[in-house]
Amino acid sequence: QVHLAESGGGLVQAGGSLKVSCAAAERTFSDYNMAWFRQAPGKEREFVAGIRWSGGNTHYADSVKGRFTISGENAKKTDTMYLQMNSLTPGDTGVYYCAASATFRAVPIAVLTSKSFYNYWGRGTQVTVSS
């Protein structure tokens with residue numbers, strides 16, 4: 001079982017930046033595909049960015065390309081995944097979820113961006129962008 005925990009959400013003005021983090025205690029992500037999703041009020045949960053931990057390959061939703069950066073930090077016992085968000089707009093408001101897939105192999109983009117691909121989810125962290 002993997003217990004993911006997000007942190008770093010908050011309130012920021014449009015045009016500002018925010019960085020959210022995801023970690024699992026005493027757990028490394030080397031055998032997982034990792035991703036960030038978000039869910040705005042009244043909308044479906046959507047893919048934001050993904051990273052294949054070993055190798056560092058990344059993929060982004062078109063809506064965040066050039067503004068958001070997904071990255072990871074390797075540690076002896078606990079790895080941490082980050083999402084650096086710049087040039088934020090009110091449209092970026094939502095609950096941001098960390099997700100992990102135990103299917104480590106490379107998969108098509110359509111699979112990588114699908115919620116059903118991920119086995120483990122955090123509880124989410126709220127990001128609110130004011131206009």
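Q: What makes β1 and strand β3 (residues 18-23) a pair?
A: They are joined by 3 bridges and run antiparallel, and the rule asks for at least two DSSP bridges between two strands, so β1 and β3 pass. One of the contacts has Ala5 opposite Ala23 in β3. The strands here are DSSP runs (E, at least two residues; helices are H or I, at least four), numbered from the N terminus.

Q: How far can you trust the ground rules here?
A: This is a predicted model, in which local features need pLDDT of at least 70 and side-chain atom pairs count only at pLDDT 80 or more, while totals for chains, interfaces and linings use all residues. Residues are numbered from 1 along each chain as its sequence is written, and side-chain values use heavy atoms, with hydrogens and water left out.

Q: Why are β1 (5-7) and β7 (68-73) said to stand at the edges?
A: The open sheet has 4 strands, in the order β1-β3-β8-β7, with antiparallel pairing. β1 and β7 each have a single partner strand, so one side of each has no neighbour in the sheet. From one strand to the next, the twist averages 20°.

Q: How do you know that β5 and β6 pair?
A: They share 4 bridges, in the antiparallel sense. One bridge sets Ile51 against Thr58 in β6. Their hairpin has 4 residues between the strands, and there Gly55 takes a positive phi near 115°.

Q: What makes the phi of Ser87 worth a look?
A: Most residues other than glycine have a negative phi. Ser87 has a positive one, near 50°. The residue lies in the loop between β8 (80-85) and β9 (94-101). Its relative accessibility is 41%, so Ser87 counts as partly exposed (buried is under 20%, exposed over 50%, partly exposed in between, with a 1.4 Å probe and protein chains only).

Q: Why is the pair of Tyr32 and Tyr120 called edge-to-face?
A: The ring centres are 6.5 Å apart and the planes 75° apart. Rings of Phe, Tyr and Trp (its six-membered ring) pair if their centres lie within 6.5 Å, and planes under 30 degrees apart are stacked, over 60 edge-to-face, the rest tilted, so Tyr32 and Tyr120 fit the label. The pair links distant parts of the chain, 88 residues apart: Tyr32 in the loop between β3 and β4 (33-39), Tyr120 in strand β10 (residues 120-121). Both Tyr32 and Tyr120 are buried.

Q: What makes Tyr118 and Trp121 an edge-to-face pair?
A: They have 6.2 Å between centres and 70° between planes, so they meet both cut-offs. Tyr118 counts as buried because its relative accessibility is 5%, whereas Trp121, at 26%, is partly exposed. Tyr118 and Trp121 also belong to a cluster that ring pairs build with Phe37, Phe47 and Phe117. The total count is 6 aromatic pairs.

Q: What makes a space a pocket, and which residues line the largest pocket?
A: On a 1 Å grid over the protein atoms alone, a pocket is an open set of points with protein on both sides within 12 Å along at least five of seven lines, and lining residues have an atom within 4 Å of a point. The lining includes Asn33, Ile51, Thr58, Arg105 and Leu112. β5 (46-52), β6 (57-60) and α1 (109-112) each supply at least two lining residues.

Terms used. 1 Å grid on protein atoms, 1.4 Å probe; cavity = no way out; pocket = protein on both sides within 12 Å on 5 of 7 lines; lining within 4 Å. Axes fitted to C-alpha atoms, helices over the stretch in contact; angles between N-to-C directions.
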